[in-house]
There are 2 protein chains.
Amino acid sequence: MDIADVAKASGLKPSTLRYYEQKGLIRSAGRHGLRRYYDPSVLEKLALINLGRHVGLSLDEIGRMLLPQGVDIDRALLIAKTAELDKQIASMQAIRDGLHHAAHCPAPNHLACPTFQRLVKLAGKRLKPLTHKI
Amino acid sequence: MDIADVAKASGLKPSTLRYYEQKGLIRSAGRHGLRRYYDPSVLEKLALINLGRHVGLSLDEIGRMLLPQGVDIDRALLIAKTAELDKQIASMQAIRDGLHHAAHCPAPNHLACPTFQRLVKLAGKRLKPLTHKI
DNA sequence: CTACAACTTAAAGTCGACTTTAGGTCAAGC
DNA sequence: GCTTGACCTAAAGTCGACTTTAAGTTGTAG
């Protein structure tokens with residue numbers, strides 16, 4: 001497949017594919033002259049990268065997780081990530097519940113509502129930044 | 001309170017406070033000469049901003065939600081955000097379950113595992129980018 | 001065989017949320 | 001009254017993940 005085919009099949013732009021290659025996330029199978037050509041298995045690797053982005057991994061982290069040979073992931077890192085996701089989900093649920101309450105609470109303003117006050121404190125304390133762009 | 005007090009109490013840097021002011025998120029109560037001084041209620045507003053960041057709002061969105069007078073939030077936007085959070089949570093749970101399975105699946109590599117394959121497709125299709133940095 | 005669409009590279013630009021820097025002002029303690 | 005540390009502003013820098021641009025090369029349809 002040439003780069004345009006991979007782009008179409010993956011939904012990524014050619015420039016993104018070159019960028020991923022530069023970062024060491026994918027490799028082309030070779031060149032026809034200057035032009036890259038790819039093995040279709042690159043699509044599986046890209047799907048995996050996409051998945052990683054969705055769970056909040058940076059490209060660098062994904063690079064470390066993707067085993068060099070073949071298309072696979074480090075299981076230990078996967079388990080760690082699962083635990084992290086559990087925490088994130090719990091946080092988001094707490095916030096969701098607080099927002100839901102605040103939106104329906106009859107207090108004159110949200111800061112007058114004790115449930116909302118707990119929520120604000122929760123966000124201030126318990127939640128560490130979910131610093132990612134996915 | 002002067003800017004250093006607000007910084008200490010909120011955990012934000014003075015530069016961040018000036019930046020938020022520039023964006024119209026907070027206001028100082030006035031100046032002593034050049035120096036800003038703040039009403040303590042700014043801390044509540046900052047807590048609210050912090051909360052907003054945690055649910056994935058941009059500073060601009062937060063600016064639109066914070067009612068100009070006093071410290072409060074637009075309830076309709078709050079409800080909408082609650083619904084959005086519900087979706088995000090559901091997505092994250094699906095991914096979490098998939099990762100959990102993949103990490104413990106006996107298939108030789110994850111791509112050989114049908115559950116993992118479904119997960120990869122899910123991430124590719126159903127999940128729209130959670131494009132935020134918190 | 002030629003035209004040209006599609007590829008190539010390196011480098012610079014973008015976006016959001018800040019942080020840092022450079023250069024200047026000033027309230028307060030000695 | 002003088003020093004100094006904390007404050008001020010405007011502008012530039014940073015980070016991650018790309019995208020865009022500028023300038024050049026080439027496989028391939030006609």
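**Entry 1. The two α5 helices**

I began with how α5(A) and α5(B) are oriented in this predicted model. Each of these helices spans residues 75–104 of its chain, and I found that they pack with their axes 8 Å apart at an angle of about 160°. Angles over 145 degrees count as roughly antiparallel, and α5(A) and α5(B) are therefore roughly antiparallel to each other. I then looked up the handedness and noted that α5(A) passes α5(B) in a left-handed crossing. I also sorted the residues of this contact by class: 18 are nonpolar, ten are polar and eight are charged.

**Entry 2. α1 and α3 of chain B**

Next I turned to a pair of helices within chain B, α1(B) and α3(B), the latter covering residues 42–54. I recorded that their axes come within 10 Å and cross at roughly 45°. That angle makes α1(B) oblique to α3(B). The crossing of α1(B) past α3(B) is right-handed. Which residues make the contact between α1(B) and α3(B)? From α1(B) I listed B:V6, B:A9 and B:S10, and from α3(B) I listed B:V42, B:L43 and B:L46. Five residues of this contact are nonpolar and one is polar, while none is charged.

**Entry 3. DNA strand C**

I then examined the protein around DNA strand C and found 20 residues there. The nearest are A:R18, A:R31, A:R36, B:T16 and B:Y20, so named from both chain A and chain B. Which part of DNA strand C supplies most of the atoms within 4 Å of the protein, sugar and phosphate or bases? Sugar or phosphate holds 75% of them, and the bases hold the rest.

I looked up individual polar atoms next. A polar side-chain atom of B:T16 lies 2.3 Å from a phosphate oxygen of DNA strand C, and one of A:R18 lies 2.9 Å from a phosphate oxygen of this strand. For A:R35 the partner is a base nitrogen of DNA strand C, at 3.0 Å. I noted that α1 (3–10) and β2 (35–37) of chain A, together with α2 (14–22) of chain B, are the elements giving two or more residues to the surface near DNA strand C. The largest share, four residues, comes from α2(B). By class, I counted ten charged, six nonpolar and four polar residues on the surface near DNA strand C.

**Entry 4. DNA strand D**

Finally I repeated the search for DNA strand D, which has 22 residues around it. Those that come nearest are A:T16, A:Y20, B:R18, B:R31 and B:R36. Of the atoms of DNA strand D within 4 Å of the protein, 75% belong to sugar and phosphate.

Which atoms of DNA strand D does the side chain of A:R35 approach? I found an N or O atom of the A:R35 side chain 2.9 Å from a base oxygen of DNA strand D. The side chain of A:K13 has an N or O atom 3.3 Å from a phosphate oxygen of this strand, and for the side chain of A:S15 I likewise read 3.3 Å to a phosphate oxygen of DNA strand D.

The elements that each supply at least two residues of the surface near DNA strand D are α2 (14–22) of chain A and, from chain B, α1 (3–10) and β2 (35–37). Here α2(A) gives the most, with four residues. I closed the entry with the classes for the surface near DNA strand D: ten charged, seven nonpolar and five polar residues.

Note on methods:
Residues are numbered from 1 along each chain as its sequence is written. Chains are lettered from A and ligands numbered from 1 in the order in which they are written. This is a predicted model: local features need pLDDT of at least 70, side-chain atom pairs count only at pLDDT 80 or more; totals for chains, interfaces and linings use all residues. Side-chain values use heavy atoms; hydrogens and water are left out. A polar contact is a pair of N or O atoms within 3.5 Å; within protein, one must be able to donate a hydrogen and the other to accept it, and residues adjacent in sequence count only if both atoms are side-chain atoms. Ala, Val, Leu, Ile, Met, Phe, Trp, Tyr, Cys and Pro count as nonpolar, Asp, Glu, Lys and Arg as charged, and the others, Gly among them, as polar. Axes are lines fitted to C-alpha atoms, for helices over the stretch in contact, and angles run from 0 to 180 degrees between N-to-C directions. Angles under 35 degrees count as roughly parallel, over 145 as roughly antiparallel, 65 to 115 as roughly perpendicular and the rest as oblique. A crossing is left-handed if the near helix is turned anticlockwise from the far one by less than a right angle, and right-handed if clockwise. Contact means heavy atoms within 4.5 Å.
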